[in-house]
Structures are given as C-alpha cells and as structure tokens.
Amino acid sequence: MEQNRAALRLRTVLGHLGRTSARAYTAHPTTWAVSSTSFHPPQFQYTLDNDVLSLEQRKFYEENGFLVIKNLVSDDDITRFRNQFQRICKQEVKHEGMMIMRDVSTEKSKFIPSEELITKVQNFHQDEELFRYCTLPEILKYVECFTGPNIMVVHTMMINKPPDSGKKTTRHPFHQDLHYFPFRPSNRIVAAWTAMEQVNRNNGCLSVLPGTHKGCLKPHSYPQWEGGVNIMYYGIQGYDENSPRVHLEMEKGDTVFFHPLLIHGSGWNKSQGYRKAISCHFASADCHYIDVKGTSQESFEKDILETLHKVYGFPEDASLKDIYRLNVQLVKGERINL
C-alpha cells in the first residue's frame, strides 16, 4: 500500500519536469527565412518514408529540426481545451498525477484558484478532455512521420504564459527537451506544440536555433537570473548566444513539430494577455530506456530523486526511467519497449 502511495506521489512530482477533421488545412515548411534548398542528404535521418510530408518538408526538417504545419488544430478543439483548462484552474476538475504550476514571481502570494495564477498544467494523461489533443488524428498523422506507427505519449503540458511582472520570470531559457527523457534513440522522439491563439515576440513565442538537433545533448543547469527561475526551467550551459535564431510567430491552430535535441526557449510575455499553448511529447514504442548515470543527465536525475526521497519518501535507489514508466501511454499501434 505504501509503495502505491509513493508511486502516486512520484507521478505528481513528475508533473514538474500523456477525430478526423473534415476541414481543409495547409502544410508549410515554415514562413521564416530558413532555407532547405542547399540540403542534399545521402539518406534521411530524422524523418521516415511516408506519403504525408512533401520532399521539401522532409528536407526542411532534416536540415533545421522543426516543421510548422499551419492551421492544423480546429478552433472548436482549441475552445474545448481552453474551457477544460479554466475548469482545472477553478478546481472544478482534479486528477491524480496532474501538476498545477505557478510562476516563481507569484508562488508565495495567497493562492486563489483562477486562470490568472496558473502557468502550466503538466501530466494531464488522466484528463480525458485535454488528452484528446494527444490522440487527434491530424496530430498523429504527422507524429508518425517522425516516430513510426507505434506511438507513445511520454509528456503532456498545457501552457498559460502570464503577463510578466517586470522580473522577466516568464522567460524559458534555451534548452533541449532530451535532457528530461531517459530513452533513445532521440531521432524517434518528437514534440507537438500548438498555438491556442496568436503567438509573437511580444507575448513570448518560441525561439529556436535551426540545425542544432544535429548536435549532442549539452549540460543543463538553472540560469542565474536576477528575478528567479521557475522550477525545472533548466538552461543549456555554454551555447553560442550569437547563434542565428528563428522566432516562431504562429497563428491559432498552427502546430510546430520539433526534434528533442533542437535548442529552443521562449521570451518573456510583454503583453497584458495570457499566451496559451498545448503540447505533447511523443516517442516510438520501439525506443528503449537508458541508464543516465555517467551522462549529462545524471545531475538532473539526482536532483529529482533527492526531492522525491526528501519530500515524498520515494526509494533512493529509483531511477529516472522508473518515473517515466508510470506515465508513458500508447496512443497508436503496438506497445513494444516503452
């Protein structure tokens, strides 16, 4: 019984760190000035053979590590996700394992359940309404281009970036998502991130460093920001801050798919509104778990497990892969390893 309680607590902490549309939508490599015309690969490494992506789109992702599909998620679906998020914020809906997060600038203030104080809902695997995002056929048809037919949900997130208090705490440092994931190969993992309204540089859109997915996983740590850093907002150490970057300004329903080694982050929200997005990380069920000891992820694993042991009494000999085994969920195909 105690082990079951510990497992439930572990799932809660992990939250810090799972229909066919009749309408027409368009697919574009990107609207930004990043070229794929000079790319002539001996073979494709990051995309799989299929009849969904055009040759131009495959080349673009291979070269840059991300691909924006315009107008992919319907207004009706986005409205439903937004309404469910509001119910969660008002505590009308609660689920085991789901983590509700606040910005570091307001975390010590009096908590009043409202949309204004909630910045993220993570691990919404048990919420049927939000989890629909991870099973939308229009999402999965593109995910399969990167993972193959056996698809697992490994991490879910609903983001509500608030207006910045002036301390720039709503920024997210440049990072690589693979830092959080104890499975490989990285080329069979992909993120889907959908704008729930217009996102731009003013309200803190995503920024990416094109082509960095072809590099290695770099060491991460908390940045030394004067206004503070939100929990689990790790940043890369020692990357070239002068590297060319692309700001992904997107319209409602646009979705970006990107590789877990792509260096990316987001700016602070200088607007008076809340910038909402919904996101899911998918992996091939053919992926396998790794032991992160001796790798750049070991310090992250240590931080998480120390917190689990100190606060929740979780076994000290647990591992990062033990955490994820509680949450991965098959959404298409056959379960193999994960």
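## A buried histidine in a loop

H213 sits in the loop that links β8 (206-208) to β9 (220-221). This is a predicted model, so we will read its features with that in mind. Is H213 buried or exposed? With a relative accessible area of 1%, H213 is buried, because anything under 20% counts as such.

What does H213 touch, once its neighbours within four places in sequence are left aside? Its contacts are Y46, Y61, E62, E63, N64, G65, H259, L261 and L262. One of these partners, E62, deserves a second look: its backbone oxygen lies 2.9 Å from a polar atom of the H213 side chain.

## Helix α2 and its surroundings

E62 brings us to helix α2, which covers residues 55-64. The buried residues of this helix are Q57, R58, F60, Y61, E62 and N64. A handy rule for looking at such a list is that an α-helix has 3.6 residues a turn, so residues three or four places apart point the same way.

Which elements do the buried residues of α2 pack against? They meet one helix, α5 (137-147), and the strands β1 (66-69), β7 (189-195) and β12 (255-258). Just after α2 comes G65, which takes a positive phi of about 90°. G65 is also among the contacts of H213.

## Strands β1 and β12

Strand β1 is covered on both faces. F66 and V68 lie on one side, L67 and I69 on the other, and all of them are buried. You can compare this with a general pattern: in a regular strand the side chains alternate between the two faces of the sheet.

How many bridges join β1 to β12? There are four, and the two strands run antiparallel. To find one of these pairings on your screen, look for L67, whose bridge partner in β12 is F257.

## Strand β7, covered on both sides

β7 is mostly covered, with seven of its seven residues buried. I189, A191, W193 and A195 point one way, while V190, A192 and T194 point the other way.

β7 is joined by bridges to two strands that we can name here, β14 and β12. Seven bridges connect β7 with β14, and the two run antiparallel; here I189 stands opposite A283. Four bridges connect β7 with β12, again antiparallel, and T194 stands opposite T255.

W193 is a good residue to pick out in β7. At 3% relative accessibility, W193 counts as buried. Its C-alpha atom is 9.7 Å from that of L206, a residue 13 places away in sequence.

## A buried lysine in β14

Strand β14 spans residues 275-284 and contains K276. Is this lysine buried or exposed? K276 has a relative accessible area of 2%, so it is buried.

Which side chain makes a polar contact with the side chain of K276? The partner is N160, at 2.9 Å. K276 also shows how a fold can bring together parts of the chain: T119 is 157 residues away along the chain, yet the two C-alpha atoms are separated by 9.1 Å.

## A four-stranded open sheet

Another group to trace is an open sheet of four strands, in the order β5-β13-β8-β11, with antiparallel pairing. Its edge strands are β5 (172-175) and β11 (246-248), each of which pairs on one side only. On average, neighbouring strands of this sheet are turned by 20° against each other, direction ignored.

β5 and β13 (residues 264-266) are antiparallel and joined by two bridges. For a starting point, find H175, whose bridge partner in β13 is H264.

## Two buried cysteines

How many disulfides does the structure hold? The count is zero. Two of the cysteines can still be described by how covered they are: C89 counts as buried at 2% relative accessibility, and C205 counts as buried at 2% as well.

## How far to trust the model

The protein averages a pLDDT of 82, and 78% of the residues score at least 70. Where does pLDDT stay under 50? That stretch is residues 1-33, for which the model has 93 contacts beyond four places in sequence. Where pLDDT is low, the predicted coordinates should not be read in detail.

Note on methods. Residues are numbered from 1 along each chain as its sequence is written. This is a predicted model: local features need pLDDT of at least 70, side-chain atom pairs count only at pLDDT 80 or more; totals for chains, interfaces and linings use all residues. Side-chain values use heavy atoms; hydrogens and water are left out. pLDDT is the predictor's confidence in each residue, from 0 to 100. Contact means heavy atoms within 4.5 Å. Buried means under 20% relative accessible area, exposed over 50%, partly exposed in between (1.4 Å probe, protein chains only). A polar contact is a pair of N or O atoms within 3.5 Å; within protein, one must be able to donate a hydrogen and the other to accept it, and residues adjacent in sequence count only if both atoms are side-chain atoms. Two strands pair if DSSP finds at least two bridges between them. Axes are lines fitted to C-alpha atoms, for helices over the stretch in contact, and angles run from 0 to 180 degrees between N-to-C directions. A disulfide is a pair of cysteine sulfur atoms within 2.5 Å.
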